[in-house]
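Colleague: Could you take a close look at one part of this model for me, and then follow its surroundings outward?

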Amino acid sequence: MRLYENIHTESTEDVIQKLKTSAKTGLSAAEAKARLTEYGTNELEERVKKSAWKMLLGQFLETMVVILIIAAIISGFLGKEIETIAIAAIVVLFAILGFVQEYRAEKAMAALKQLTVPLVRAIREGVLSEISARLLVPGDVIVLEAGNIVPADVRFIETVNLKIQEAALTGESDPVDKRSQAIGKADTSLGDRFNMAYMGTIITVGRGKAVVVRTGMNTEIGTIANLIQDVQKGKTPLQNKLDQLGKWLAIAGGIAAALILLVGLLQGESLGDMFLVGISVAVAVIPEGLPAVVTITLALGAQKMLKRNALIRKLPAVETLGSVTVICSDKTGTLTENKMTVTSMEASEVSIRAFPTEGIEFPNIELNLIIGLLCNDADIRLTENAKTVIGEPTEAALVDAALKVGLIKQELESKFPRIGEVPFDSERMRMSTVHKIVPDATIANLPDLGQSENIVFIKGAVDSLLKISRHVKTKEGIEPLNEHWISRIKKAHDELASHGIRILGLAYRELKGAYNENDSATLEEEAVFSGMVGLMDPPRASVKAAVNKCIQAGIRPVMITGDYPLTAMAIARELGIPSGAGYLTSEHLSTLSDNALEEKVKHVSIFARVSPQDKLRIVTALQNLGEVVAMTGDGVNDSPALKKADIGVAMGITGTDVSKEASDMVLLDDNFATIVTAVEEGRAIFDNLIRFIKFSLGGNLGKVLVMLFAPFIGITIALSPLQLLYLNLLTDGLMGLGLGMEPSEKNNMQRPPRSVKDPVLNKPAIIHVTWTGLLIGAISLAVGFFYFDAAHADDPYWQTMVFATLGFTQIGHALGLRATGHSIFSLTSNIVFTIVIVLTLILQLAVIYVPPFDDFISLTSLSLADLAISFSLGLLVLACVQLERRWLGRG
């Protein structure tokens, strides 16, 4: 059990006694020093991290990188400086990008430490003075007021109109009222412990005196720091698949090299020559352009996402988004607008469920708006182009609601200036303001207003107002507040509450005589209950369509929020998030074992009033079920789950620095719909990577088959090592980059996510690679057989035909693999591909026709007829690939 685990259940007297301190004099200097030795300094500890050089070295141990290093060494051994430099550059780029991503991932702790504060006012030996927050110990008595950051976990022993913004820790968007009374339940959730405050949260209103109960790593923030540092993030699906592919290619390259070496030796060729050819074939098997294409494609994908308000912090996240199966989203600000809004009004004559209506049609509605506007500490600033409402979210919503129907606070305050108030009190659960009625001031449906000197406006909890009200305002006038009216009011209240709406009661009292400050105890007596106002943080307009798009795409939306269950369920129903299995709260989750939780998360999609540990457990349980999880968050409390998720998504507007540092992606508009857009882009990017791999491996298989079977038709060495490497770099590099830029498939979000258990190439892809490789190999071998003349084996013409045919068939293959929904010959759907095709054709023709390139690579000029034959064979491959796609229903 943690230090003073259930201190919120103790009375203030017991708290003082248990911590062996004094509310008046605090700790003695000697006792504080002894406790500092026992508990340590009040700061977050950062564990020893992986050193930068180890991170950098680790990048060179990735399977694909190791294979490329070997390929570069072999190319250097063959004397191919250009190929060696090109492959080495790819390796260095790959390693640097990987290092930068890993290094940045370690910064979450640094951001978390920024939440600590340097100085705090503490009482020691009866003297209030400023001391370093690092020196606070359990038992210290501190004084907090508006604007202070809470320096440790504390238990309040005195409060005056105190509110604390705890959104970063609990996810609760509104400031929380604090008071000092004990709480009966030990398992009360963090957000409901109204007598506690936690390190890093902010005092927004009022003041209080508190006893420090936990410091440093024992605080709630310390627990989160431990969770962040405990979380080990695994490799992305793409990284795992590329590792797997690299191992298979290494084996395949070795086997191909050994076979060609053996065949050559059996044909009587020298060991030295065949060794060089065998090594060249092994290099040809490996798509050395793959890491470069992956990196560039991900980087350009990240640029596209940035234009759509998704900032990618870690490049692999671009692709991982495409395999997401569950999106766990916070409610406030992501699914909703993060702005409290008046959505309904209740008066005796009408219930408005979609405020505002056109104009003010009901006098009592206008009265309610005026009460909410004037019994209010929020303010509004109007300019020609904008309005700015300043104040606590609920009060700001009331000011904004009045403004929508033309009621401006400054104008009404000139008619009803405030002359007194009774501030909100967490025991009374209401606030009252007293206003002088200037001559000729009027309010609709209050005809006798001029007979009074002052008027009291009251707002607060409905139950609280019913206790002090003796009358109710109706369209006919004022009637006694009898059981009929009380029942009717409570029924309307419960109906609104069932939809997750926050409700405020409104009342007033006319004062016939002068106002006396000493009359505050009787000021609210005999009030007239006027009505109710319903507020909520409404769903974003774009989110409902985005949720529906998710479900169509086989992605399950899950809501994880610090808000109340009724509110969460209401928003879920409105957005279409499955809510049939009900909800789970932190209280429920604490009773479930990890195995039981895994069973629950299969069906439950709503989690309310959850703690940081709960969020982490939910994400882990989903991952244990094989789900690829995207998790959104904006608070410090979200950071461990953000780091653990396959894709951590932080909020750019409301997000803390800690959550951003722990994330893979930042939403610049805090909008759930942006995540869905990013998922769509991620799917397109993975499709393009698979497109490139199919293209590259199909072509490489064709080249290997040509080299392997050429001796059986009398050709000992079909292509030289340099010719093989040139074709590899031309197709794998340039053509691969072009394919990586293809637009999204038209059915991108109408298919389920791919399984992370699937290999990088599934069965249809393997079949495609096999038959295209066989086709390219067979066509090229047939060309070699037709043009080769044993009597003139040294004539480069036949070899040029084989070289040209391999190049053009791969170009045809690339054209056939373009995204559906666009013409394969479209010049504008993918400008990069168009440029690459033209450039590849120019380079292909240059090494055949332009001196000294043809001499350098040992080729010769072809006749136009033979060039046309070679080009036509490329079109044949294109036609075959298109026929396959139509047969599979993709065209």
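The request and the reply below concern one helix and the parts around it.

Colleague: Which residues of helix H19 are buried, and which strands and helix do they pack against? Please go on from there to the salt bridges and the other features you can describe.

Modeller: The model is a predicted one, and what follows should be read with that in mind. Helix H19, which runs over residues 565-575, is mostly covered, with 8 of its 11 residues buried. The buried residues are Pro565, Thr567, Ala568, Met569, Ala570, Ile571, Ala572 and Leu575. They pack against elements from several parts of the sequence, namely strand E20 (527-536), helix H18 (543-552), strand E21 (556-560), strand E22 (583-585) and strand E23 (606-608). After H19 comes Gly576, which has a positive phi, near 90°.

The loop that leads into this helix also deserves attention. Asp563, in the loop between E21 and H19, is paired with Lys331, which sits in the loop between strand E9 (326-329) and strand E10 (341-347), so that the pair links parts of the chain 232 residues apart. The contact is a salt bridge whose closest N and O atoms are 3.0 Å apart. Asp563 counts as buried because its relative accessibility is 7%, and Lys331 is likewise buried because its relative accessible area is 1%. A further set of salt bridges, with shared partners, joins Lys339, Asp400 and Lys404 into one network.

Gly562 appears in another setting, among the residues that line the largest cavity. That cavity holds about 70 Å³ of space, and the count of cavities of 30 Å³ or more comes to 6. Its lining also includes Leu169, Thr170, Ser189, Leu190 and Gly191, together with Arg609, Val610, Ser611 and Pro612.

The pair at Asp563 can be set beside others, since the search of the whole structure finds 29 salt bridges. One of them joins Lys304 to Glu681, with the closest N and O atoms 3.7 Å apart. This pair, too, links distant parts of the chain, for Lys304 belongs to helix H11 (residues 290-307) and Glu681 to helix H25 (residues 672-709), and their positions lie 377 residues apart in the numbering. Lys304 is partly exposed, because its relative accessible area is 38%, whereas Glu681 counts as buried because its relative accessibility is 13%.

Another salt bridge stays within a single helix: Glu31 and Arg35 both lie in helix H2 (residues 29-39), 4 residues apart, about one turn of the helix. An α-helix has 3.6 residues a turn, so residues three or four places apart point the same way. The closest N and O atoms of Glu31 and Arg35 are 2.7 Å apart. Glu31 counts as partly exposed because its relative accessibility is 32%, while Arg35 is buried because its relative accessible area is 7%.

Finally, there is a feature of the surface to set against the covered helix. Trp248, Ile251, Ile255 and Leu259 make a nonpolar surface patch of about 430 Å². Leu259 is found in helix H9, which covers residues 237-266, and Leu259 counts as partly exposed because its relative accessibility is 38%.

Definitions and conventions. Residues numbered from 1 in each chain as written. Predicted model: local features only at pLDDT ≥ 70, side-chain atom pairs only at ≥ 80, totals over all residues. Heavy atoms only, no water. Patch = residues over 30% accessible without salt bridge, like charges linked within 9 Å, V, L, I, M, F, W, Y side chains within 5 Å. Areas by Shrake-Rupley, 256 points an atom, 1.4 Å probe, with all protein chains shown as cover. Salt bridge = Lys/Arg side-chain N within 4 Å of Asp/Glu carboxyl O. Helix = DSSP H or I, 4+ residues; strand = E, 2+ residues; numbered from the N terminus. Buried < 20%, exposed > 50% of the residue type's maximum accessible area, 1.4 Å probe, protein only. Contact = heavy atoms within 4.5 Å. 1 Å grid on protein atoms, 1.4 Å probe; cavity = no way out; pocket = protein on both sides within 12 Å on 5 of 7 lines; lining within 4 Å. Points joined across faces, edges and corners; volume = space filled by probe spheres on them.
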